[in-house]
Structures are given as structure tokens and as C-alpha cells.
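Please consider the fold shown below, beginning with its sheet and proceeding to the helices and the surface.

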Amino acid sequence: MAAEEDILLHYEDRYDEDVRLSSSGLGQLELIRTQILLQRYLPPPPASVLDVGGGPGVYAYWLDAAGYEVDLIDIVPRHIRQATERGVRATLGDARELPLPDRTRDAVLLLGPLYHLQEPHDRLQVVGEAIRVAKPGAPVFAAAISRFAPAIDGLDSGFFDDPAFAGLLEGVTANGRHHNPTGNPDYFTTSFFHLPDELEREMQDAGLADVEVLAIEGIGWAASDLDERMARIEDQQKLLQLLKQLEREPSILGASPHLLGVGLTPK
């Protein structure tokens with residue numbers, strides 16, 4: 001099966017991305033931390049934001065409610081339907097070839113496309129397209145899954161005891177490329193997992209300036225009571241403060257399941 005067909009099958013039929021960010025404490029932590037980081041770097045509303053690979057529109061809906069002018073593009077028809085049901089302006093399209101004119105957006109989000117592009121030239125093309133449609137000096141946000149996220153998840157979930165899953169980890173650890181011939185949606189789909197410095201370098205090579213790579217969830221997954229902690233506001237705030245303190249620490253950056261790169265387009 002071709003990579004694109006595998007990815008579409010995963011999100012159309014095997015897995016509902018719409019519930020991922022609300023189904024667990026770790027998903028809620030990813031959502032809240034991503035929102036915090038976006039707020040830190042986004043221009044104020046009513047700035048125009050393009051959400052590329054925005055899935056079912058969770059972030060687009062949140063930004064629209066905050067007063068931003070938001071448009072979403074995604075390659076998965078199911079995501080377009082789900083985003084539209086939320087009231088988000090959503091269009092089917094490929095992050096590698098955006099159907100938009102140059103220099104028209106105040107910010108561009110790439111919170112999903114880099115997850116599934118295994119070839120460096122495709123990832124560079126995606127970031128290059130974001131730069132093309134963004135205004136000079138605008139922020140571009142690029143999310144990536146850490147190279148070590150599958151190992152962390154495998155140990156935490158017990159998947160590691162399955163020889164099939166353990167075998168999948170070998171390729172990921174070696175070169176970041178993940179293929180899942182098992183058909184088990186819990187083992188994800190065709191993907192690429194970044195090292196932190198790899199994400200930084202790719203964003204710089206595409207032409208972004210002042211690039212930073214930050215941990216999203218950081219080591220928050222290590223909290224044995226994460227679900228309960230995220231439900232208690234005071235404890236949640238303590239955890240968020242800790243993760244802010246550690247979000248740039250090079251020695252543990254790769255231990256975060258998700259990374260967020262932020263850079264500015266050339267002026």
C-alpha cells in the first residue's frame with residue numbers, strides 16, 4: 001500500500017483524531033501546552049491564520065473563537081467534514097502545494113503535516129509553502145513527533161511486549177521512518193519521527209529565521225497520576241509551570257512526545 005493511501009485509511013477508517021486531545025490526560029496536556037505556545041508567538045487577533053494539516057479543526061475552532069480569521073486545509077476528507085461541522089472554514093488540499101497566493105497570512109500552523117512525510121524534500125517543501133503564503137516576519141509553527149515517542153508509548157502501554165511492535169521500533173530508532181504493516185491502528189500509520197535538532201535544521205534550511213524548538217508535553221507523561229492531575233486546576237498549573245521551565249532543556253527535549261518548532265519568515 002502506498003504511503004498516502006495508508007495515511008488516508010488510518011484517519012478515515014481506523015482512528016478518530018477528533019477525540020484524541022480530549023480522551024486522556026496526556027492528550028489534554030498536549031492541547032493546553034500547544035495553545036500556550038501558540039499564544040506566546042501569534043500576533044493578536046484579528047490576524048489571519050492558516051491551519052495546514054489542521055485535522056478536525058480543534059485548534060482552528062479555538063483560534064476562531066478568540067477572534068482570529070482562520071482557514072484550515074487538510075488532506076483527509078473526514079477531517080474536512082468534522083472541521084466544517086465545527087463551523088471552521090475548511091478546504092481539502094495538500095500541504096506541499098497550497099492553493100493560496102503569496103504573502104497573505106499573518107501566521108501559518110503546520111501541526112500535523114511533518115508527522116507523515118518521510119522524505120526530507122517533502123518536509124522542506126511543506127515549510128517552504130508555509131513561508132510562501134505567510135507575510136514577511138510572520139511566525140510559522142511546525143509540530144513534530146519525537147524520535148523517542150514510540151519507545152516511550154510502547155513501554156507505557158505495554159505494546160513493547162508484542163514482538164511485532166518491538167520490531168517496528170528498530171527502524172524508527174535508526175532513521176525516524178515508521179511503517180506499520182500489522183494493520184493495528186494503535187501502532188500508528190506511515191510516519192516520520194524527528195530528533196529535536198533535525199526539526200530545527202529543517203526549518204532553518206527551508207528559510208525560517210530565529211528558529212526555536214520547544215517541548216510540548218515535555219516529561220509530563222511521567223506523572224503516574226496525569227489524568228487526575230489534569231483534572232485538578234491547581235495541580236495542573238503546577239505541572240504547566242514545570243514544563244515551561246524545562247521546555248528548552250536540550251538534555252531532555254527529545255523525551256517530549258511532541259515538539260514545536262517556531263520560526264519567522266524572511267522580511
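Two strands are said to pair if DSSP finds at least two bridges between them. By this criterion, in what is a predicted model, strand 1 (residues 48-52) and strand 2 pair in the parallel sense over five bridges. Within this pairing, Ser48 has Glu69 of strand 2 as its bridge partner, and Val52 has Ile73 of strand 2 as its partner.

The two strands belong to an open sheet of seven strands, arranged in the order 3-2-1-4-5-9-8 with mixed pairing. Strand 3 and strand 8 (209-215) occupy the edges; each has a single partner strand, so one side of each is left without a neighbour in the sheet. On average, neighbouring strands of the sheet are turned by 15° against each other, direction ignored.

Helices pack on this sheet. Helix 3 (residues 58-65) touches strand 1, strand 2 and strand 4 (107-110), and the direction of helix 3 makes about 170° with that of strand 2. Helix 4 also packs on the sheet, touching strand 2 and strand 3; the direction of helix 4 makes about 165° with that of strand 3.

How is strand 1 placed with respect to the rest of the structure? Five of the five residues of strand 1 are buried, so this strand is largely enclosed by the rest of the structure. In a regular strand the side chains alternate between the two faces of the sheet. Strand 1 is covered on both faces: Ser48, Leu50 and Val52 are buried on one side, and Val49 and Asp51 are buried on the other.

Helix 4 (residues 77-85) has its own set of buried residues, namely Arg78, His79, Ile80, Gln82 and Ala83. An α-helix has 3.6 residues a turn, so residues three or four places apart point the same way. The buried residues of helix 4 pack against helix 1 (3-14), strand 2 (69-74) and strand 3 (89-92). Just after helix 4, Gly87 adopts a positive phi of about 90°.

The surface remains to be considered. Which residues make the nonpolar surface patch of about 210 Å²? This patch is formed by Leu26, Ile219 and Trp221. Trp221 is located in the loop between strand 8 and helix 9 (226-231). Because buried means under 20% relative accessible area and exposed over 50%, Trp221, at 32% relative accessibility, counts as partly exposed.

Technical notes
Residues are numbered from 1 along each chain as its sequence is written. This is a predicted model: local features need pLDDT of at least 70, side-chain atom pairs count only at pLDDT 80 or more; totals for chains, interfaces and linings use all residues. Side-chain values use heavy atoms; hydrogens and water are left out. Buried means under 20% relative accessible area, exposed over 50%, partly exposed in between (1.4 Å probe, protein chains only). Helices (H or I, at least four residues) and strands (E, at least two) are DSSP runs, numbered from the N terminus. Contact means heavy atoms within 4.5 Å. Axes are lines fitted to C-alpha atoms, for helices over the stretch in contact, and angles run from 0 to 180 degrees between N-to-C directions. Patches are made of residues with over 30% relative accessible area and no salt bridge: like charges are joined within 9 Å, nonpolar side chains (Val, Leu, Ile, Met, Phe, Trp, Tyr) within 5 Å. Accessible areas come from the Shrake-Rupley method with a 1.4 Å probe; for residues, only the protein chains shown count as cover. A salt bridge is a side-chain nitrogen of Lys or Arg within 4 Å of a carboxyl oxygen of Asp or Glu.
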